[in-house]
Amino acid sequence: MANISFTSSITKFCLITITAILIFFTLSTAKAKNISTKPFQRIYAFGDAETDAGNTKSSTGPTIFRYVSNHPYGQTFFGHPTNRYSDGRLMIDFVAENLSLPYLPPYLNEKANKSHGVNFAFAGSTALTHNFFVNNNLTLDTTPVSLQTQLGWFNEFLESEGCKISPSVLECEAEYVTDALFWVGEIGANDYAYSYRSSVPTKTIQELATNSVIDFLQALLNKGAKYIVVQGLHPTGCLTLSMEVTPTNDRDNMGCVASVNSRIYSHNTILQAKLNGLREKFPQAIILYADYWNAFQHVFQNPGEYGFDERFKACCGTDGGTYNFNVLFPCGSPPSTACDNPSKYINWDGGHLTEAMYKVMTRLFITGAFCDPPWSHLISKKMQSG
């Protein structure tokens, strides 16, 4: 067994080394030809609050977290609120930094420079359309924005840039679609939250929500998208809000809400199987699955290795107590306060993560073993294609 393990390790090392050499060679060739060594010149981002860089604000975002435009949101990095649901940067911000690109402007900021991409993510968004929740009397969904809404915004953006869109043809410069990176952040978590303990079966949500994500991805691929990263869902049963509103006998081996995490885990399993079908249908595209579940679980079970002291309690909240969370007075409300060192916390406001956790997650996606295929594969393929 030891010899097999050793041989496997050597093989993996050789593959990584070869990939690194190929990337280095490609970069060197590009420099020699005076070509930009940035693999991507544009990024388009989609998703919910974990990716939203300012499309919502206090008056338009989710009802529970209705003070995102107030201090102390944004305090760690920006020094002021930016309508990001964290104390600083999000994963998409760290991705942009890694690719030497500016932070993506929110789509709804009409005055922003969008020459390097656009962020269409909207806090509270769902994979399913808002009408689904209205028709099923699921009143927790107060955000009339879904993944389909964001796709519509993307089409509007392309048309504003001079692209011609018809049901069967997209006439556009390659830089706008074919050469761009599409980052599909977490989407679907709100679908489960809005339907929790309702009469709509979980399996119905799982099937419809994953189909909606696949339909969205297929729409992008039909437009010519070739480089796509799709985030899975992280264990939302480990969020402060989930812990606060559920009974203590509903816990899993991580100490999180078992009933919530079970739904999320199944969602990810179904989504991955459907992504394999897309890869077969579009073999020319590179479709990465960012395994948010296992990356999050790895850190959650080894917090000290990544500098975290507190796993469950919200850094920003009200009332102290076990979780420092009060749904009536969330982060940013007049009575709320923030902890002295957010980098020691995983949960920021009870429903979203700290900049420190987003930074670790991004690093694990880009340099670790939590993307399938690896991030380096996507980059090398893009650099080889020019």
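Trainee: Which element gives the largest share of the lining of the largest cavity?

Mentor: Keep in mind that this is a predicted model. The largest cavity is lined by Ile187, Val213, Val230, Gln231, Gly232, Leu233, His267, Asn268 and Leu271. Strand 6 (227-231) and helix 8 are the elements that give two or more residues to that lining. The largest share, three residues, comes from helix 8.

Trainee: What volume does the largest cavity have, and how many charged residues are in its lining?

Mentor: The structure holds one cavity of 30 Å³ or more. The largest cavity has a volume of about 40 Å³. Its lining divides into five nonpolar residues and four polar ones, and the number of charged residues is: no charged.

Trainee: Let's turn to the largest pocket. Which helix gives the largest share of its lining?

Mentor: The largest pocket has a volume of about 860 Å³. Of the 32 residues that line it, the closest to its centre are Ile64, Asn190, Ala193, Tyr194 and Leu241. Helix 5 (189-195), helix 7 (240-245) and helix 8 (258-281) are the elements that give two or more residues to the lining. The largest share, five residues, comes from helix 5.

Trainee: How many residues of the pocket lining are charged?

Mentor: You can split the lining of the largest pocket by residue type. There are 15 nonpolar residues and 12 polar ones, and the charged ones number five.

Trainee: Is helix 9 (residues 292-301) largely enclosed or open, and why?

Mentor: Look at its buried residues, which are Tyr292, Trp293, Ala295, Phe296, Gln297, Val299 and Phe300. They pack against helix 2 (91-98), strand 6, helix 8, strand 7 (286-290) and helix 10 (355-367). Because seven of the 10 residues of helix 9 are buried, the rest of the structure leaves this helix largely enclosed.

Trainee: Now the rings. How are Phe120 and Phe157 arranged, and why?

Mentor: The structure holds 27 aromatic pairs. In the pair of Phe120 and Phe157, the ring centres are 6.4 Å apart and the planes meet at 70°; planes over 60 degrees apart count that way, so the pair is edge-to-face.

Trainee: How many residues apart are Phe120 and Phe157 along the chain?

Mentor: The pair links distant parts of the chain. Phe120 is in the loop between strand 2 (117-119) and helix 3 (130-135), while Phe157 is in helix 4 (residues 147-160), and the separation is 37 residues.

Trainee: Is Phe157 buried or exposed?

Mentor: Its partner Phe120 has 0% relative accessibility, so Phe120 counts as buried. Phe157 has a relative accessible area of 3%, and with buried meaning under 20%, Phe157 is buried.

Trainee: What about Phe154 and Phe182: how many residues apart are they?

Mentor: Their ring centres lie 5.7 Å apart with planes at 85°, so this pair is edge-to-face. Both Phe154 and Phe182 are buried. Phe154 belongs to helix 4 and Phe182 to strand 5 (residues 181-184), and the pair links distant parts of the chain, 28 residues apart.

Trainee: Which residues form one aromatic cluster?

Mentor: Phe120, Phe157, Phe154 and Phe182 are among them. The full cluster also takes in Tyr44, Phe46, Tyr107, Phe122, Trp153 and Phe216.

Trainee: Which residue lies over the face of Phe77?

Mentor: Charges sit over two of the rings we can name. Over the face of Phe40, at 5.4 Å from the ring centre, lies Lys382. Over the face of Phe77, at 3.8 Å from the ring centre, lies Arg89.

Technical notes. Residues numbered from 1 in each chain as written. Predicted model: local features only at pLDDT ≥ 70, side-chain atom pairs only at ≥ 80, totals over all residues. Heavy atoms only, no water. Phe/Tyr/Trp six-rings, centres within 6.5 Å; stacked < 30°, edge-to-face > 60°. Helix = DSSP H or I, 4+ residues; strand = E, 2+ residues; numbered from the N terminus. Buried < 20%, exposed > 50% of the residue type's maximum accessible area, 1.4 Å probe, protein only. Lys NZ or Arg CZ within 6 Å of the ring centre and 35° of its normal. 1 Å grid on protein atoms, 1.4 Å probe; cavity = no way out; pocket = protein on both sides within 12 Å on 5 of 7 lines; lining within 4 Å. Points joined across faces, edges and corners; volume = space filled by probe spheres on them. Nonpolar A, V, L, I, M, F, W, Y, C, P; charged D, E, K, R; others polar. Contact = heavy atoms within 4.5 Å.
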